[in-house]
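Work through the exercises below with the sequence and the model at hand. Try each task before you read its solution.

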Amino acid sequence: KESAQQTYYQTVLTRLQANWSLPVWLTRQNLQAQVQILIDHTGRVKVLQFVKSSGNSQFDNAVKRAIAESEPFQVPPVELRGSLLNHGILLGFPL
């Protein structure tokens, strides 16, 4: 299960990295945010919750946009579906 979990998390991260971008001026601000995403059995995000906001609405909106543009994620393996829907994945931005 652990290797399936790690493999799945890596596919999510790779997809997010492809859609993550910030204007240069915003990158220089050294902002950080943490979000928890709950993913359903189809690979769609059911809940996106900021655990720690960056304090900058443009940065936080870029986080939301990267996640929205990355959907749907790969369909999760059967053994991870309960965990992804109940506990989700904690993501730190910038990626």
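Buried means a relative accessible area under 20%, exposed means over 50%, and partly exposed lies in between (1.4 Å probe, protein chains only). Gln10, with a relative accessibility of 43%, therefore counts as partly exposed. The model is predicted: local features need pLDDT of at least 70, side-chain atom pairs count only at pLDDT 80 or more, and totals for chains, interfaces and linings use all residues. Residues are numbered from 1 along each chain as its sequence is written, and side-chain values use heavy atoms, with hydrogens and water left out.

**Exercise 1. The chain as a whole**

Task: List the secondary structure elements in order, then decide whether the chain is as compact as a globular protein of its length.

Solution.

Step 1. Helices (H or I, at least four residues) and strands (E, at least two) are DSSP runs, numbered from the N terminus. The chain has 4 helices and 3 strands.

Step 2. Read from the N terminus, the order is α-α-β-β-α-α-β.

Step 3. The radius of gyration is taken over C-alpha atoms, and the globule rule is 2.2 Å times the number of residues to the power 0.38. For 95 residues the rule gives 12 Å, and the chain has 13 Å, which is close, so the chain is as compact as a globular protein of that length.

Step 4. Along the principal axes, the C-alpha atoms fill a box of roughly 40 × 20 × 20 Å.

Step 5. Of the 95 residues, 34% are buried. The accessible surface (Shrake-Rupley method with a 1.4 Å probe; for residues, only the protein chains shown count as cover) is about 5600 Å², and carbon and sulfur atoms hold 48% of that surface.

Step 6. A contact means heavy atoms within 4.5 Å. Among the contacts with a separation of 6 or more, 74% join residues 24 or more positions apart.

**Exercise 2. Two residues, two distances**

Task: For Gln34 and for Gln10, set the distance in sequence to a chosen partner beside the distance in space.

Solution.

Step 1. Gln34 is part of strand β1, residues 33-39. Its relative accessible area is 31%, so Gln34 is partly exposed.

Step 2. The C-alpha atoms of Gln34 and Val51 are 5.3 Å apart, with their places 17 residues apart in sequence.

Step 3. Beyond its neighbours within four places in sequence, Gln34 contacts several residues, including Phe50, Val51, Leu90 and Leu91.

Step 4. Gln10 sits in helix α1, residues 2-19. Gln10 and Phe50 are 40 residues apart in sequence, and their C-alpha atoms are 20 Å apart.

**Exercise 3. Salt bridges**

Task: Find the salt bridges, and state for Lys46 and Asp40 whether each is buried or exposed.

Solution.

Step 1. Side chains of opposite charge can pair when their charged atoms come close. A salt bridge is a side-chain nitrogen of Lys or Arg within 4 Å of a carboxyl oxygen of Asp or Glu. The whole structure holds 2 salt bridges.

Step 2. One of them joins Lys46 and Asp40, whose closest N and O atoms are 3.7 Å apart. Lys46 has a relative accessible area of 54% and is exposed, whereas Asp40, at 8%, is buried.

Step 3. Another is formed by Glu71 and Arg44, at 3.8 Å from N to O. Glu71 lies in the loop between α3 (57-70) and α4 (81-86) and Arg44 in the loop between β1 and β2 (45-52), so the pair ties together parts that are 27 residues apart in sequence.

Step 4. Arg44 is partly exposed, at 38% relative accessibility. Leaving out residues up to four places away in sequence, Glu71 touches Arg15, Arg44 and Val45.

**Exercise 4. Backbone details**

Task: Which peptide bonds that lead to Pro72 and Pro94 are cis or trans, and what is notable about the phi of Asn30?

Solution.

Step 1. The bond from Glu71 to Pro72 is cis, with omega near -10°. Pro72 is located in the loop between α3 and α4.

Step 2. The bond from Phe93 to Pro94 is also cis, with omega near 5°. Pro94 is found in the segment after β3 (89-93).

Step 3. Asn30 is not a glycine, yet its phi is positive, about 55°. Asn30 belongs to the loop between α2 (24-27) and β1, and at 68% relative accessibility Asn30 is exposed.
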